[in-house]
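Biologist: I have the sequence and the model open side by side. Can you walk me through it while I ask things as they come up?

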Amino acid sequence: LSATAALALVAGSVCAQDCDQDGVPDANQVYRWRAGTGFWGNPSNWASQTGEAPSPTSLALFDGTDGLGQQPYIPFFDGFAGVRGLGVLNCTATFDLGGSVFAVSGDQAECREYLLGGALGAQMTVTGGGQFRVARAVVGDTPGTSSRLVLDGANAALQFRHLDLAPMIIGQFGSGKVELIDTQFVHVGPLVLGSRSGSDGTLSAFGTSEILLSAEVASDVIVGFQGDGFLGLEQEGILSSNGPVSMRIGERTDSFGEVRLNGLSLPQSVQMSLLQIGGQGDGEWEVLDGTEIDTLMTGRALLGMDPGSSGRARILGVSRWGIGGAPLEVGPGGRGDLIVGERSVTEAPQGVRVFVDGVIEGSGEIRASVDLFGGELRPLGFYAVTSGRQVLTIDGDLSFNGTNPLTGLFETGRLVYSLASEDPADSMSVQVAGSALLDGTLRVSVPRQIIPRIGEKYAVVEASEMSGVFRAVQTTVIEDAAVAIPLYS
């Protein structure tokens, strides 16, 4: 659906056609709202050739540029209403459903669909409780404009349903935003946030809102296809699914996608066939401020898929991310970063695999065995929530070498160690509950303001069992030409 086609939808020339090929000229099916405030079913509130109110085969238009009615447009509903197409264009409108069901049943692009936007952008609020159903939806169709849909269930229970394999696009060529307030968002089919280059799409949930994916058949969620996309939940929100969800974050080159789960008070669980954070573009997955989520995988979970991509997961603020059914792959083709802050947890029973451009950093806990196929560990205290000693904990085994399952090559890993204090009691390290197999490179960094004493020892790796040695050491040269050397015990 191009911006030109979206505007042509309301042009007079279209009315002489039959774009949905149902045998009835469009002129007999187009209804334009001409009231400021009024009931949907009152024919006097509509301008049409039939002199009636819209029927389930109609195209209903709310257009701020047609000179009809006074904004904001406010239609009231007192029972079920349905149309094949709905255009809310260049205006501000509030739909008060009054507990009713309002359905937009059409699924023909550029002809019969739900379109929120136009050359000037638009804002639509749905309130009053009830159910708003759409089969195909576009929010933000015109470059350089912003359109916003607010689904407000704060005063009465509201449900939004997109149950069709036709796509829902938030941010097609312009900026599109959908905001949920105490609303259930029920979805199947493709959901695209930030469709085209230069666009941005946002889906945000607040209060007790729920985003239910793969409600009847699978959802394919793309957060940042060619543009920028954002999916966020806060407060008492819920992200759930009735079946596996494919989620791709930062899909194409130059795209950016972000999923942020911030301060959710209830544990989350989502079935996933794919979780790709950074496909060809940049993707971020953030689990923050006490949020707990399990992604139950039937396919791959990965950070940084293709060369040139970047995938980053941040687990911070006493949060937890569980990956079940598949290993977590960090940097299998592009750049991958797994950041786990103090008192936060990443749990992966199938293990964590860190490839050449992959990094695990922080001072949290990895409840998994970790294999470094060329990847890197960085114990860091940047994400601390206490003033105590910071350690990166691996509740499993740690191996600094192995045969890369993607290439068949034998590769070794790296440990980047930054001295945090002159006092060994405050030094950061990697603590391994199981066995540690050392190999590869130890890189030691000593900040200028820290001057350790000659002969002082600092824990770098601590494990119940340890074998191997670091094959190479890279070290900062400090005063008196002192350098770090590894010792093993």
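Biologist: Asp337 first. Is that residue buried or exposed?
Modeller: This is a predicted model, and in it Asp337 is buried, with a relative accessible area of 10%.

Biologist: What does its side chain meet?
Modeller: Asp337 meets the side chain of Arg335 in a salt bridge, at 2.9 Å from N to O. Arg335 counts as partly exposed, at 33% relative accessibility.

Biologist: Which residues are joined into one network by salt bridges that share partners?
Modeller: Asp294, Arg320, Glu347, Glu365 and Arg367.

Biologist: Take Asp294 from that list. Which residue does it form a salt bridge with?
Modeller: With Arg320, and the closest N and O atoms are 2.9 Å apart. That pair links distant parts of the chain, with Asp294 in strand β28 (residues 292-297) and Arg320 in strand β31 (residues 320-324), 26 residues apart.

Biologist: And how covered are the two ends?
Modeller: Asp294 is partly exposed, because its relative accessible area is 25% and the buried class ends under 20%. Arg320 has 18%, so it counts as buried.

Biologist: How many salt bridges turn up in the whole structure?
Modeller: A search of the whole structure finds 21. One of them is between Glu284 and Arg312, where the closest N and O atoms are 2.9 Å apart. It links distant parts of the chain too: Glu284 is in strand β27 (residues 282-288) and Arg312 in strand β30 (residues 310-316), 28 residues apart.

Biologist: Glu284, buried or exposed?
Modeller: Buried, with a relative accessible area of 16%. Its partner Arg312 is partly exposed, at 28%.

Biologist: Change of topic. How many aromatic pairs are there?
Modeller: The search of the whole structure gives 22 aromatic pairs. Trp33 and Phe62 make a stacked one, because their ring centres are 5.3 Å apart and their planes stand at 25 degrees. The cut-off for stacked is planes under 30 degrees apart.

Biologist: Where do Trp33 and Phe62 sit in the chain?
Modeller: Trp33 lies in strand β1 (residues 30-33) and Phe62 in strand β4 (residues 59-63), so the pair ties together parts that are 29 residues apart in sequence. Both residues are buried.

Biologist: Which residues form the aromatic cluster?
Modeller: Trp33 and Phe62 are both members, and the others are Trp40, Trp46, Tyr73, Phe77, Phe95, Phe102, Tyr114, Phe132, Phe160 and Phe185.

Biologist: There's a serine just before β4. Where does Ser58 lie?
Modeller: Ser58 lies in the loop between β3 (46-47) and β4. Ser58 is buried, with a relative accessible area of 1%.

Biologist: What does the side chain of Ser58 reach?
Modeller: The backbone nitrogen of Ser55, at 2.8 Å.

Biologist: And which residues does Ser58 touch beyond four places away in sequence?
Modeller: Gln29, Tyr31, Val83, Arg84 and Gly85.

Biologist: On to the strands. How many of the residues of β21 are buried?
Modeller: Strand β21 covers residues 219-223, and four of the five are buried, so it is largely enclosed by the rest of the structure.

Biologist: Which strand do five bridges join to β21 in line with Pro190?
Modeller: That is β18 (residues 183-193), which runs parallel to β21. Pro190 has Asp220 in β21 as its bridge partner.

Biologist: And what about β24?
Modeller: Strand β24 (residues 245-249) also pairs with β21, in the parallel sense and over five bridges. In that pairing Val221 stands opposite Met247 of β24.

Biologist: Zoom out. How many helices and strands in the protein chain?
Modeller: One helix and 48 strands. The C-alpha trace spans about 95 × 40 × 40 Å along its principal axes.

Biologist: What share of the residues counts as buried?
Modeller: Of the 489 residues, 55% count as buried. The chain exposes about 18500 Å², and carbon and sulfur atoms supply 49% of that.

Biologist: And what share of the contacts comes from residues 24 or more positions apart?
Modeller: They account for 75% of the contacts in the protein chain with a separation of 6 or more.

Conventions: Residues are numbered from 1 along each chain as its sequence is written. This is a predicted model: local features need pLDDT of at least 70, side-chain atom pairs count only at pLDDT 80 or more; totals for chains, interfaces and linings use all residues. Side-chain values use heavy atoms; hydrogens and water are left out. Rings of Phe, Tyr and Trp (its six-membered ring) pair if their centres lie within 6.5 Å; planes under 30 degrees apart count as stacked, over 60 as edge-to-face and the rest as tilted. Helices (H or I, at least four residues) and strands (E, at least two) are DSSP runs, numbered from the N terminus. Buried means under 20% relative accessible area, exposed over 50%, partly exposed in between (1.4 Å probe, protein chains only). A polar contact is a pair of N or O atoms within 3.5 Å; within protein, one must be able to donate a hydrogen and the other to accept it, and residues adjacent in sequence count only if both atoms are side-chain atoms. Contact means heavy atoms within 4.5 Å. A salt bridge is a side-chain nitrogen of Lys or Arg within 4 Å of a carboxyl oxygen of Asp or Glu. Two strands pair if DSSP finds at least two bridges between them. Accessible areas come from the Shrake-Rupley method with a 1.4 Å probe; for residues, only the protein chains shown count as cover.
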